[in-house]
Amino acid sequence: HFFAVITLKALLKRFATAMRAAGRWGLRLASASAVFPLSIACTKGKTGLRVKFNTGEEFFLSSEWLRVNSQAADQTMRLSAEDPIRPVSGKRDVLITGIEKTGNYGVRLDFSDNHGTGIYTWGHLHKLGKDKWPLMREYINSLRKFHLSRTPRTGRRRDAAKVTGGAETP
């Protein structure tokens, strides 16, 4: 068997060429696939992605922002249909540890908290960049509603830890 090794950049270039050709041939494409990245680059400190789209827009998406907006099933589970989805909290310090192209429609990201099941479609990445500020405001408000924080827990409850006479009591 012959296996070709190809980089994400090369795959994106081929996809962009195919999309331009489809436009020249007069093919109408679904709106979700009309937006696609021309380049995706992980930042040096693995704190986020820089994504440049065929629309001319370029966005920085922090690793925290990507992590809390994962569309993985385990992120959207509820106890019952009436219960609101609890926001993912404590991910301020999470880093991107891996990125893998998934078909012609998105990427799968691995994070330093061992989460790696979410696929980010091109449309979802674009929405996270384009609507970042209103979505971030919604996210912060939902954290407040559930009394949660962006900051990771340290392993002990702050409100229960009291220091008395040099000894810590729960």
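**Reasoning through a predicted model**

User: How many aromatic pairs does the count come to?

Analyst: Two aromatic pairs. The model is predicted. Ring centres must lie within 6.5 Å to make a pair.

User: What makes the pair of Trp65 and Tyr139 edge-to-face?

Analyst: The angle of the planes. The ring centres are 6.5 Å apart and the planes stand at 70°. Planes over 60 degrees apart count as edge-to-face. The value of 70° passes that cut-off, so the pair of Trp65 and Tyr139 is edge-to-face.

User: Which parts of the chain does the pair link?

Analyst: Distant ones. Trp65 sits in helix H3, residues 63-68, and Tyr139 in helix H5, residues 132-145. The two are 74 residues apart along the chain.

User: How do you know whether Trp65 is buried or exposed?

Analyst: Look at the relative accessible area: 1% for Trp65. Buried means under 20%. Trp65 is therefore buried.

User: Why is Tyr139 called buried?

Analyst: Its relative accessible area is 9%. That falls under the 20% cut-off, so Tyr139 is buried.

User: Which residues have the most contacts inside the largest nonpolar core?

Analyst: Leu61, Trp65, Leu66, Tyr120 and Leu125. This core has 28 residues. At least two residues each come from helix H1 (8-24), strand S2 (48-53), strand S3 (58-62), H3, strand S5 (106-111), helix H4 (122-130) and H5. The largest share is that of H5, with four residues. As a general background, nonpolar side chains in soluble globular proteins tend to be buried together.

User: What does Tyr120 touch?

Analyst: Leaving out residues up to four places away in sequence, the list includes Leu66, Arg67, Asn69, Ser70, Tyr105 and Gly106. Val107, Leu109, Phe111, Leu125 and Leu128 are on it too.

User: How do you know what H5 should span, and what do its end C-alpha atoms give?

Analyst: Take 1.5 Å a residue for the 14 residues of H5, counting one less than the number of residues. The expected span is 20 Å. The end C-alpha atoms lie 20 Å apart, which agrees.

User: Which residues of H5 are buried?

Analyst: Lys132, Leu135, Met136, Tyr139 and Leu143.

User: Why do the buried residues of H5 line one face of the helix?

Analyst: Look down the axis of H5. The buried residues fall within an arc of 100°, so they line one face. An α-helix has 3.6 residues a turn, so residues three or four places apart point the same way.

User: Which exposed residues does the face of H5 turned away from its buried side carry?

Analyst: Trp133, Arg137, Glu138, Arg144 and Lys145. On the buried side, the cover includes S3, H3 and H4.

User: What makes Ile140 partly exposed?

Analyst: Ile140 lies in helix H5. Its relative accessible area is 22%. Buried needs under 20% and exposed over 50%. Ile140 meets neither test, so it is partly exposed. The C-alpha atoms of Ile140 and Ser89 are separated by 9.8 Å, with their positions 51 residues apart along the chain.

User: How do you know whether Thr102 counts as buried or exposed?

Analyst: Thr102 is placed in strand S4, residues 96-102. The relative accessibility of Thr102 is 14%. The cut-off is 20%, so Thr102 counts as buried. Thr102 touches Val107, Arg108 and Ile119, not counting residues up to four places away in sequence.

User: Why is Asn114 called exposed?

Analyst: Its relative accessible area is 76%. Exposed means over 50%, so Asn114 qualifies. Asn114 is in the loop between S5 and strand S6 (119-121). Asn114 has a positive phi of about 70° although it is not a glycine.

User: What makes His147 count as exposed?

Analyst: A relative accessibility of 72%. That is over the 50% cut-off, so His147 counts as exposed. His147 lies in the loop between H5 and strand S7 (162-164). Just after H5, His147 takes a positive phi of about 60°, although His147 is not a glycine.

User: What does the secondary structure of the protein come to?

Analyst: Five helices and eight strands. From the N terminus the elements run α-α-β-β-β-α-β-β-β-α-α-β-β.

User: How many of the residues of the protein count as buried?

Analyst: 33% of the 170 residues. The accessible surface comes to about 11,500 Å², and 54% of that belongs to carbon and sulfur atoms. Among contacts between residues at least 6 apart in sequence, 47% join residues at least 24 apart.

Key
Residues numbered from 1 in each chain as written. Predicted model: local features only at pLDDT ≥ 70, side-chain atom pairs only at ≥ 80, totals over all residues. Heavy atoms only, no water. Phe/Tyr/Trp six-rings, centres within 6.5 Å; stacked < 30°, edge-to-face > 60°. Buried < 20%, exposed > 50% of the residue type's maximum accessible area, 1.4 Å probe, protein only. Core = buried A, V, L, I, M, F, W, Y, C linked by side-chain atoms within 4.5 Å. Contact = heavy atoms within 4.5 Å. Arc of directions from axis to C-beta. Areas by Shrake-Rupley, 256 points an atom, 1.4 Å probe, with all protein chains shown as cover.
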